[in-house]
Amino acid sequence: MSDRTSPASDNLPLPLSTRERGPETSPHPDPLPEGKGIVDAGGGRLYPDQFIHNVAAALAGAAGEQTEVAWRRDRKGVLTGWCRLPSGVALLPAARAVAELQGRLAMVTAYLPERAQEKGEREIAYHFDLDGATLTLTVILPLEWSRVPSLTPIFRNCDWQERELMELYDVQVVGHPDPRRLFLDHSLPHAPFERLVPYSTFTNAATSKALWDKVMAGAREDA
Amino acid sequence: MAIHEPGSAAEPVGLFRINTGSCNGCDVELAVTSAVAEFDVEQLGCRYTESAHEADIVLVTGPLTVRAREEVLRLHAATPRDKVTVAVGVCPVSGGVFRDSYAVDGPLERHLPVDVNVPGCPPRPQALLEGIREALEIRRARREGSEPTRLPGDRKQPGKPGTDNFPARGRLSFDAAACVDCRMCRHVCAAGAIRFEERDESVRLTLWHNSCVFCGLCSHYCPTGALSVTGDWRLDHRATDAFRQIERGEVPYAPCAGCGEPIIPAAPQLLHAAFRRPNPEIEKLKNLCPTCRQRMSIGVPRR
Amino acid sequence: MSTKIIELGSHQLALEEPMYFRVQLEGDRVADLDVMPGQVHRGMEHLVMRRNLYQNITLLERLCSLCSNSHPSTFCAAVEDVAGIAIPERAEYLRAVADEIKRIASHLFCCAVQANVIGETTLFRRVMEIREIMQRAKEAIYGNRMDLAANVIGGVRYDLDADSAAYLAGRMEEMKKPLDELYLQYENNPAIMARTAGVGVLTREAAREWAVVGPVARACGIDYDVRKKSPYGAYDRLEFEVALQTAGDVRARNLVRLAEARQSVSLIEQCLDGLPAGPLCADTLPEIPAGEAIAKSEAPRGELMYYLRTDGSDFPVRLKWRVPSYMNWDALKVMLKGEPVANIPLIVNSIDPCIACTDR
Ligand code: SF4
Ligand code: SF4
């Protein structure tokens, strides 16, 4: 896996479009033909080295030479690829490269990693399906004033994923076409998943305590 | 008050459902009570209605989410004043597994009066019918201006333990004699349904059946079988009795055979689980505190 | 032509769960819509971080009761991946049995609801009665009709002995004829055809663009089933064909579901025939190291994905999942476009939307 770059370079100077390298200028291997090439005659999974090579080449071409994908093959032969992008700026070109490979956006996971406060970092993982294999591109962002470019223009179904991410975390998705709240009621505070928000204001197990007090009291009357 | 009597063949009792943000388990089972002949609410002289104004009995599911609250209260307010409200599943009563979430604003009781609880997660259709029957009794008694007379538990006729042919997952049962106070059950319980209290002479376990979701995980991980799932699913009760729906047992302390500190002796079930066939030497361990146990083990001459 | 905006709630949409739509009409036809979820948002992804991995088995089973087994089994698969646990072969088969029973019941519920929406009350009741065979089987084997409590980390916590296996085999036999009949009815019955054929069409191209999954995708000819594409559990040893249709309409979606339900019967029979002997669970209380994993499965509504990140404690650092319904809502814009208002409830129900799953 490549080294992380300094937090400073993760600070996305937006807009990105003027600075990014478009995938169309980089050499591209053939996209994976649909449903072909990765199932062997016995029906078992057989991802040829070619597939791994294609993904690596596409990402390196799009997001920079240091971009490396670590692949894990499980007992059934299913592949998961893990790639930490060298910088936040690499996200858009890398996502375009995945789109060119016929990748499908499957899920977006924002989270505060272990010791997030200490390191001043947060991460967002973008999980793509490549005909059964799952490729995860992870960007590392500063904990405060985090911004990521919207992938909705590339993957239409990223829309809800990003709206949800914006309401649960303190992350700004730049260029999202419709940044309204999605699931959270308007009476709830913004970004409930940030540990920085004091938990006690709304998740302090007060309900449990009140109910159990009654259970204990009710049971005493019986005795 | 209405003059004519709903509940007669001419005018069935109206059932109105409100989903306050459930996992849909209770709702799908309620759908069964309108679609499947064996469980059809028709047999109780009831019928589902889509109109809040026709609600004689309101069936509420779910833990009451913040987002649904306004609409739930509006709908409930639109129902007739003399309706009977039934909390279906443990969610509305205690929040079930969703309690203490930032997005949940239950229990329901904080916002509106509840008459009957039907524990279960979800309750089987038979239990739903029992709950509706209970609501019908309350309704009748209120109309007659009398108190409902039925004694608690008199539907549990002897010889019919409520299991029918199948071992449905019902109330949990606790055997204090087998408990070793490892508290694994509390650790794995998603619903926060188990409490331990340290008392002067004992440790006491309380399991609240309005919080329990009857998953049986506590019993699965219990090393001695002190907790077990029974087939008793008839748990519907008046909401006023909600906090008395408990299973409880005391595990007494005994003095350590070595130093006299109060300890919970290891239950025979644990020794059997750990050693298969404990010998007298091992049996001695069960009445020792951890420190004395160590001392004894190290002191035992090796052969 | 007059443009007007209407708001529809679960009652008008004939949904079991609360959900709101804002629909833009041109005359009496749908021009656009805005889906407004959140009524069933229980903050579950937050709750799972404050519960340990064991508690989360039970909590996740209550995400949604229609696909309730898919959640704990996929979550456990993610934990097992992080911990490097290979579950016993018998457990793989038993997980498949539980998943397939749930699939049959779920698909039938969806087909029943749609029959009800188009006013085929007799058919609705008939499908619900057939589904009851599965409900009873679930209660007999697992003790609950919805939430099976079948999974633990490392395997399963139920077993099929000779008697219960024979009982289940009997129920499978009982399902075959009715399922075959239902398929023919949803395929050819003129009254049903009239309401479902050519209605709510999603083309293959649009299906790709909107990235829909599950029966909704397979009804457009997209050959994607996680059980085949990324085999897990016992599925690499079981025989089945991916159920496909090409029309992309309401009828095609139902035919995919009914074909799959029939196939699930065969999958369960294969599991019962080939059930390997051995333990049910690998290790009762395994150490869960720090790590991250992805686990996927084919839930009744399509691809389900879990991401788990651990730090060596038994509380997850992050547990994220994406349910199949999440991917399918937005495509309703395409399916509903130009449809008369009267078709809205049917088309919405034809994607078998799960709101409890979506909102979490
Ligand atoms: S009580 Fe259980 S089944 Fe009913 S809504 Fe709550 S979680 Fe779902
Ligand atoms: S069965 Fe046991 S673990 Fe499950 S909710 Fe009830 S008390 Fe908790």
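This report walks through two interfaces of chain B and the surroundings of ligand 2.

The model is predicted, so to speak of local features a pLDDT of at least 70 is needed, side-chain atom pairs count only at pLDDT 80 or more, and totals for chains, interfaces and linings use all residues. Residues are numbered from 1 along each chain as its sequence is written, chains are lettered from A and ligands numbered from 1 in the order in which they are written, and side-chain values use heavy atoms, with hydrogens and water left out.

**Chain B with chain C**

Let us start with the partner chain. On the side of chain B that touches chain C, the residues divide into 29 nonpolar, eleven polar and 13 charged; here Ala, Val, Leu, Ile, Met, Phe, Trp, Tyr, Cys and Pro count as nonpolar, Asp, Glu, Lys and Arg as charged, and the others, Gly among them, as polar. Helix H1 (25-35) is one of the elements that give two or more residues to this side, and H1(B) gives the most, with eight residues. Helices and strands are DSSP runs (H or I, at least four residues; E, at least two), numbered from the N terminus.

**Inside chain B**

Chain B has domain 1 (13-143), domain 2 (172-252) and domain 3 (255-297), with bounds from an automatic or database domain assignment. The C-alpha centres of domains 1 and 2 of chain B lie 26 Å apart. On the domain 1 side, B:Asn117, B:Pro119 and B:Glu134 lose the most area to domain 2, together 28% of what that side buries. B:Glu134 also forms a salt bridge with B:Arg238, with the closest N and O atoms 2.9 Å apart. Between chains, C:Arg125 and B:Asp40 meet in a salt bridge too (3.0 Å, N to O).

The table puts the two interfaces side by side. Contact means heavy atoms within 4.5 Å; buried area is the accessible area (1.4 Å probe) that two parts lose on being put together, summed over both; and a salt bridge is a side-chain nitrogen of Lys or Arg within 4 Å of a carboxyl oxygen of Asp or Glu.

| Interface | Residues in contact | Buried area | Salt bridges |
|---|---|---|---|
| Chain B and chain C | 53 residues and 55 residues | about 4500 Å² | four salt bridges |
| Domain 1 and domain 2 of chain B | 22 residues and 18 residues | about 1700 Å² | one salt bridge |

**Around ligand 2**

The shell around ligand 2 includes B:Cys189, B:Cys212, B:Cys215 and B:Cys218, each with a heavy atom within 4 Å of the ligand. By class, this shell has eleven nonpolar residues, one polar and no charged.
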